[in-house]
Amino acid sequence: MPYLNAKIYSDGGHYVAIPQGAYPSRKGRQRRGKQNVKIEIPPPCDLIELAEQNAPRESTKSRFEKAYAESRSLPKRERKSHIRAALKNDFATKDELSAYVERNTERKRTNEIRRKIRLYRKLNLQHWNYFCTFTYDDNLHTEETFHKKLSNTLKHFVSRNGWKYVGVWERSPEKQRLHFHGIFYIPKLVGEIVETKDYSTKTHKTQITYQNTHFLKRFGRNDFKPIQSKYEIPSVAKYIAKYMEKTGERLVYGGKLPTFFLSDIVDEDVICPFGAYDAKLLLYDKFTCIKDGEIIGEVGDETIEQMKKCN
């Protein structure tokens with residue numbers, strides 16, 4: 001029996017299919033209807049007191065988010081204690097406080113895992129040719145202008161030159177200097193790549209970097225390291241995810257970067273079902289891609305390019 005219009009992703013070593021209906025969406029669930037509520041207007045003498053009561057206050061959730069961000073720099077065993085100390089006045093009992101911290105800490109961890117999974121799936125479905133690092137020259141930019149202008153420059157290259165990238169903003173450990181790491185697909189370079197040698201304060205050795213003259217002139221130091229093989233992608237993904245976890249920074253995406261492509265799957269191409277409730281299908285490495293009942297070909301970069309995509 002064929003599986004129609006299945007979502008397919010790569011985990012870096014194998015292709016995995018998610019058949020339609022494997023994970024029902026919440027969109028079809030009926031929402032509760034709004035009830036008509038009669039609002040009573042208080043007497044004028046109570047308006048000032050009411051305004052003071054309704055004045056904006058920092059919510060428990062916002063305090064949790066702030067304390068959670070602060071706790072990232074602490075040892076793991078001290079993180080929850082720091083969060084509980086920041087929220088202790090919001091709860092009547094220690095049990096309520098602990099339950100709230102546990103629940104929301106788990107929520108944050110789950111969201112981080114989901115972002116990491118989405119990152120790996122997007123990276124494994126694309127073709128990449130450079131891992132780039134950008135920083136700035138104090139004679140050219142401040143931190144604020146560097147962030148704004150580099151973001152705009154990359155945005156323009158995406159729309160005009162077909163660039164794609166996934167990256168993260170990060171600060172150096174010692175000087176706390178802002179820079180940007182990203183994996184890029186660059187079909188057409190601007191400027192030229194020049195090989196330079198300098199001294200690395202981190203490794204205390206001479207290193208070779210490949211700098212782009214366009215970015216060197218407009219921003220400052222950069223490094224365009226070529227990606228020679230798809231087998232380098234997992235280590236690059238791990239590198240980007242490390243900064244995402246360490247700082248809590250959200251990933252920056254540029255260009256069309258789908259998570260899945262869609263294909264009909266025949267039984268002969270399925271090795272076995274797996275996962276929770278056997279909802280996913282492990283596929284053979286050379287399975288056939290089928291689009292709207294038409295055989296497109298054996299899975300590969302050119303074939304995937306012709307398939308429908310989704311997130």
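User: Hi! Which residue in β5 is the bridge partner of T133?
Analyst: H181 is the partner of T133 in β5. Keep in mind that this is a predicted model.

User: How many bridges join β3 to β5, and which way do the strands run?
Analyst: There are 5 bridges between β3, residues 130–134, and β5, residues 178–185. The two strands run antiparallel.

User: What's the strand order in the open sheet?
Analyst: The order is β8-β3-β5-β4-β9, so to speak from one side to the other, with antiparallel pairing among the 5 strands. The edges are β8 (222–226) and β9 (252–254), each of which pairs on one side only. From one strand to the next, the twist averages 15°.

User: Which strands does α4 lie across?
Analyst: Helix α4, residues 94–124, lies across β4 (164–171), β5 and β9. Relative to β9, α4 runs at about 25°.

User: Let's stay with α4. How do the axes of α3 and α4 cross?
Analyst: The axis of α3 (residues 76–87) comes within 10 Å of the α4 axis, and the two cross at roughly 125°. That angle is why α3 counts as oblique to α4. The crossing is right-handed.

User: Which residues meet there, between α3 and α4?
Analyst: On the α3 side you have K80, I83, R84 and L87. They meet L97, S98, Y100, V101, E102, T105 and R109 of α4. By class, this contact has 5 nonpolar, 2 polar and 4 charged residues.

User: And α2 with α4, what's the crossing like?
Analyst: Helix α2 covers residues 60–71, and its axis comes within 11 Å of the α4 axis, crossing at roughly 65°. This crossing is right-handed. From α2, the contact involves T60, K61, F64, E65 and Y68. From α4, it involves Y100, V101, N104, T105, R107, K108, R109 and E112. The contact of α2 with α4 divides into 4 nonpolar, 3 polar and 6 charged residues.

User: Switching topic to the start of the chain. How many bridges join β1 to β2?
Analyst: There are 4 bridges, and β1 (residues 3–10) runs antiparallel to β2. One of the pairs is K7 with I18, the latter sitting in β2.

User: How many residues are between the strands in that hairpin of β1 and β2?
Analyst: The hairpin has 4 residues between β1 and β2. G12 there takes a positive phi near 100°.

User: Which way do the side chains of β2 point, and are they buried or exposed?
Analyst: In β2, residues 15–18, Y15 and A17 point one way while V16 and I18 point the other way. All four are buried. In a regular strand, side chains alternate between the two faces of the sheet.

User: What about β2 and β12, in which sense do they pair?
Analyst: They pair in the antiparallel sense, over 2 bridges, with β12 spanning residues 280–283. Within β12, L282 is the bridge partner of V16.

User: Back to backbone angles. What is phi for N5?
Analyst: N5 has a phi near 55°, which is a positive value in a residue other than glycine. N5 lies in strand β1. Its relative accessibility is 33%, so N5 counts as partly exposed.

User: And Q176, what is phi there?
Analyst: For Q176, phi is near 60°, again a positive value in a residue other than glycine. Q176 is found in the loop between β4 and β5. At 42% relative accessibility, Q176 counts as partly exposed.

User: Where is V299 found?
Analyst: V299 is in the loop between β14 (294–298) and α8 (301–306).

User: Why does V299 count as buried?
Analyst: Because its relative accessible area is 11%, and buried means under 20%.

User: Which residues is V299 in contact with, beyond its sequence neighbours?
Analyst: Leaving aside neighbours within four places in sequence, V299 is in contact with Y15, F261, D285, K286, F287, C289 and I304. Y15 belongs to the buried residues of β2 we talked about. As for F287, its C-alpha atom is 6.0 Å from that of V299, and the two residues are 12 apart along the chain.

User: Last one, the overall picture. How many helices and strands does the chain have?
Analyst: The chain has 8 helices and 15 strands. Of its 311 residues, 34% count as buried. Among contacts with a separation of 6 or more, 61% come from residues 24 or more positions apart.

Notes:
Residues are numbered from 1 along each chain as its sequence is written. This is a predicted model: local features need pLDDT of at least 70, side-chain atom pairs count only at pLDDT 80 or more; totals for chains, interfaces and linings use all residues. Side-chain values use heavy atoms; hydrogens and water are left out. Buried means under 20% relative accessible area, exposed over 50%, partly exposed in between (1.4 Å probe, protein chains only). Two strands pair if DSSP finds at least two bridges between them. Axes are lines fitted to C-alpha atoms, for helices over the stretch in contact, and angles run from 0 to 180 degrees between N-to-C directions. Contact means heavy atoms within 4.5 Å. Angles under 35 degrees count as roughly parallel, over 145 as roughly antiparallel, 65 to 115 as roughly perpendicular and the rest as oblique. A crossing is left-handed if the near helix is turned anticlockwise from the far one by less than a right angle, and right-handed if clockwise. Ala, Val, Leu, Ile, Met, Phe, Trp, Tyr, Cys and Pro count as nonpolar, Asp, Glu, Lys and Arg as charged, and the others, Gly among them, as polar.
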